[in-house]
Amino acid sequence: EYEIRTTLRVIDIVASRVYNVYSEDGRVDALPLNKVLRLEEVPADELSLADDEILVSVAHFHKEIFQTFGSPFCMRVKDKEPVPTFTERLRSRLELSEKDFEKYKVAVVKDGRAMYYPE
């Protein structure tokens with residue numbers, strides 16, 4: 001008999017974007033039945049966040065920020081974290097080679113506008 005200990009989270013996904021991350025102490029029977037939900041293991045580096053860290057949602061989009069596709073996910077970001085450090089962690093999380101990752105553009109989307117990095 002094996003005992004597996006892990007922390008799970010429930011994510012509400014709408015249009016290939018993370019819409020909501022449900023509280024880990026919530027009840028399963030309180031989850032909505034009419035939504036697309038994903039149950040996932042919380043990565044070790046996201047189990048406890050420091051005061052200067054947050055979880056951000058990551059999604060793929062093509063040209064327009066509303067043309068999202070793929071499987072969105074959450075990532076830990078530290079306040080004032082250098083962009084190259086974050087993009088390297090992102091590349092690793094996506095399991096892409098450096099050559100393949102060069103085809104991607106990284107953007108922060110806020111208030112319906114994309115700010116691309118580096119710019």
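**Exercise 1. Find the residues of the largest nonpolar core, and say which elements supply at least two of them.**

Step 1: get the criterion straight. A nonpolar core is a set of buried Ala, Val, Leu, Ile, Met, Phe, Trp, Tyr and Cys residues joined through side-chain atoms within 4.5 Å. Buried means under 20% relative accessible area, exposed means over 50%, and partly exposed is what falls in between (1.4 Å probe, protein chains only).

Step 2: know your input. This is a predicted model, so local features need pLDDT of at least 70 and side-chain atom pairs count only at pLDDT 80 or more, while totals for chains, interfaces and linings use all residues. Residues are numbered from 1 along each chain as its sequence is written, and side-chain values use heavy atoms, with hydrogens and water left out.

Step 3: list the members. The largest core has eight residues: Val58, Phe73, Met75, Phe86, Leu90, Leu96, Phe101 and Val106. Strand β5 (68–78) and helix α1 (83–94) each supply at least two residues of this core. Helices (H or I, at least four residues) and strands (E, at least two) are DSSP runs, numbered from the N terminus.

Step 4: zoom in on Leu90. Skipping neighbours within four places in sequence, Leu90 is in contact (heavy atoms within 4.5 Å) with Val58, Phe73, Met75, Phe101 and Val106. As background, nonpolar side chains tend to be buried together in soluble globular proteins.

**Exercise 2. Is arginine 91 buried or exposed, and what is it in contact with?**

Step 1: place it. Arg91 sits in helix α1.

Step 2: check the accessibility. Arg91 counts as buried because its relative accessibility is 16%.

Step 3: look around. Leaving out neighbours within four places in sequence, Arg91 is in contact with Leu96, Ser97, Glu98 and Phe101.

**Exercise 3. Which residues pair with glutamate 46 and aspartate 45 in salt bridges?**

Step 1: fix the cut-off. A salt bridge is a side-chain nitrogen of Lys or Arg within 4 Å of a carboxyl oxygen of Asp or Glu. The structure holds 14 of them.

Step 2: take Glu46. Its partner is Arg9, with the closest N and O atoms 2.6 Å apart. Glu46 is in the loop between β3 (37–41) and β4 (53–61) and Arg9 is in strand β1, so the pair ties together parts that are 37 residues apart in sequence. Glu46 is buried, with a relative accessible area of 6%, and Arg9 also counts as buried at 6%.

Step 3: take Asp45. Here the partner is Arg76, and the closest N and O atoms are 3.2 Å apart. Asp45 is in the loop between β3 and β4 while Arg76 is in strand β5, so this pair ties together parts that are 31 residues apart in sequence. Asp45 counts as partly exposed at 35%, whereas Arg76 is buried at 14%.

**Exercise 4. Where do alanine 15 and glutamate 95 lie, and what is the phi of each?**

Step 1: locate them. Ala15 is in the loop between β1 (8–14) and β2 (17–21); Glu95 is in the loop between α1 and α2 (98–101).

Step 2: read the angles. Phi of Ala15 is near 55 degrees, a positive value in a residue other than glycine. Phi of Glu95 is near 55 degrees too. For context, most residues other than glycine have a negative phi.

Step 3: add accessibility. Ala15 is partly exposed at 47%, and Glu95 is exposed at 72%.
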